[in-house]
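Got the viewer open? Let's take a short walk through this one, selecting a few things as we go.

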Amino acid sequence: MDTFPQNFLWGAAASAPQTEGAALVDGKSPSTWDKWFEIEPELFYNGTGPENTSNTYYQYKEDVACMKAMNLNSYRTSIAWTRLLPDGKTLNPQAVDFYRAYFQEMLDNGIEPIINLFHFDMPWWLMEKGGWEVRESVDHFAFYAKTAFEAFGDLVKKWATFNESLVHIECGYMGDAHWPKVHDFKRAIQVAYHTLLAHAKAVKEYRRSSFNDGQISIILNLAPVYSKSEEAEDVAAAKWADLFYIRSFLDCAVRGTFPEELVEVLRESDLLPKTETGDKEIFAENTVDFIGCNYYQPLRVQAPQEKKRPITGLRDLFRGYDWPEKRINPHRGWEIYPRGIYDIAMRLKNSYSNIPWYISENGIGVSQEERFNNKENMIDDNYRIDFLFEHLTQLQQAISEGSPCFGYHMWTFADCWSWLNAYKNRYGFYRVDLDNGYKRLPKQSSLWMAQVIAENRLVEPFAQNSSSH
């Protein structure tokens, strides 16, 4: 296969809290990130909080013009719950005006908006009640989803409920990278359950909304799990890692059920979440139309140092494995393994009824990119072009073997704020000049990708260190 499928969605991905800025203006209420920065600003890289993101709230027309310049035909971002429903109940007309203008600007320039509802930005008013730990969060989210569908469903035909459901659970309830930064596996299980129930109820609201003529999905980080060896204990560890990190979310979203092995190990360990009568039916009746897949690196595991039953945490089932042959991005500390995209595609094909899907995030972050300025004052990010070429090669192979992948979105379009890391690592096709009015400056990768999109096929990477392209 030489070309990608007709009408393939070439785009990029971002989120509202990482790009919009205007954190507490025009009626927006604080999210956990806004409040956490207020409480502990010293934990944020260079003291840069969520009010200092990429200023898209004011510069969205410039962004869309740049997207059009590089031939993007789609763009995935999110709505800020705290902007649309500042108190969880009252629709903010300024938010409606902003998002409608933003989405319409995309459509007017041939760019399809793919809109996600939750990208780690829990409203502070709900976090004070317990966040995803409390059952009422499920109905609050369903109401928010219903409100968004009615406000924007005439413009948006592809929706997602959550981005990377695993992340706010693992980082916030089994680590310190997200608020409330607690370490409690049982609480994490309850948060996961309520998150997935909120997802299913949002799907239900979409099906009965006035604008239900599109499709709805969930975005998952589907890292393939590889065992250290073929020894039985390592293989078992990989099975458990896959069960908790991948199948728990994917089975629920696509099949409407949870894996029985997962339920059993939680039951025997007194870790089952609190449920209510009728929940099973909600999951079963509200599965997704397609899957968004975020892929950055694989998950490599080995047998735990000590097997324990009942379990008290994931360390009793598996532990990480540092593959000595791995290629790594030294700036982010992540393994670069393009083959993972192919393996994900084949799994969705063979184990999940070949459900339609797309790459909703994939990318490489590099620090101090200004080091790579060329004579034209443009970032020569050939490392990003090479990364894209390798991953797209694997994706094209999967498509040629029958995988119904309908798009590829890189993280991200223009450099964005990254949670505790601010702008330490840059990911964009465009550089955001923080010292010059957030000006957008194209990188070499944007020119290469524009050619790929125009021809709808892979083209050879630019020559290294060339200043002629």
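Start by selecting Tyr-226, which stands opposite Arg-300 in β8. Before going further, keep in mind that this is a predicted model.

**Stop one: a small sheet**

Now widen the selection to residues 225–227, which make up strand β6. Add β8, residues 299–302, and then β9, residues 319–320. Together they give you an open sheet of three strands, in the order β6-β8-β9. The pairing here is mixed, and you can check each half of that yourself. β6 and β8 run parallel, joined by three bridges. On the other pairing, β8 and β9 go antiparallel, over two bridges. To see one of the contacts with β9, click Val-301: its bridge partner there is Gly-320.

Which strands sit at the edges? Those are β6 and β9, each of which pairs on one side only.

**Stop two: the largest cavity**

Clear the selection and turn to the enclosed spaces. How many cavities of 30 Å³ or more does a search of the whole structure find? The search comes up with five. The largest has a volume of about 110 Å³.

To light up its walls, select Thr-32, Trp-33, Phe-118, Phe-120, Met-122 and Met-127, which are among the lining residues. Then add Trp-132, His-168, Tyr-173, His-178, Trp-179 and Pro-180, which also belong to the lining. Try coloring by class: you should get nine nonpolar and three polar residues, with no charged ones.

Next, show the helices. α2 (32–39) and α8 (165–173) each supply at least two residues of this lining.

**Stop three: the second largest cavity**

Keep α2 on screen, since you'll want it again. The second largest cavity has a volume of about 90 Å³. Of the 14 residues that line it, pick out Ala-16, Pro-17, Lys-28, Asp-34 and Pro-50, the closest to its centre.

Which helices each supply at least two residues of the lining here? Select α1 (16–19) and α4 (81–84) alongside α2, and you have them.

Color this lining by class as well. This time you'll find six nonpolar, four polar and four charged residues. Flip back to the largest cavity, where the lining has no charged residues, and look at the two sets of walls in turn.

Key
Residues numbered from 1 in each chain as written. Predicted model: local features only at pLDDT ≥ 70, side-chain atom pairs only at ≥ 80, totals over all residues. Heavy atoms only, no water. Pairing = 2+ DSSP bridges. Helix = DSSP H or I, 4+ residues; strand = E, 2+ residues; numbered from the N terminus. 1 Å grid on protein atoms, 1.4 Å probe; cavity = no way out; pocket = protein on both sides within 12 Å on 5 of 7 lines; lining within 4 Å. Points joined across faces, edges and corners; volume = space filled by probe spheres on them. Nonpolar A, V, L, I, M, F, W, Y, C, P; charged D, E, K, R; others polar.
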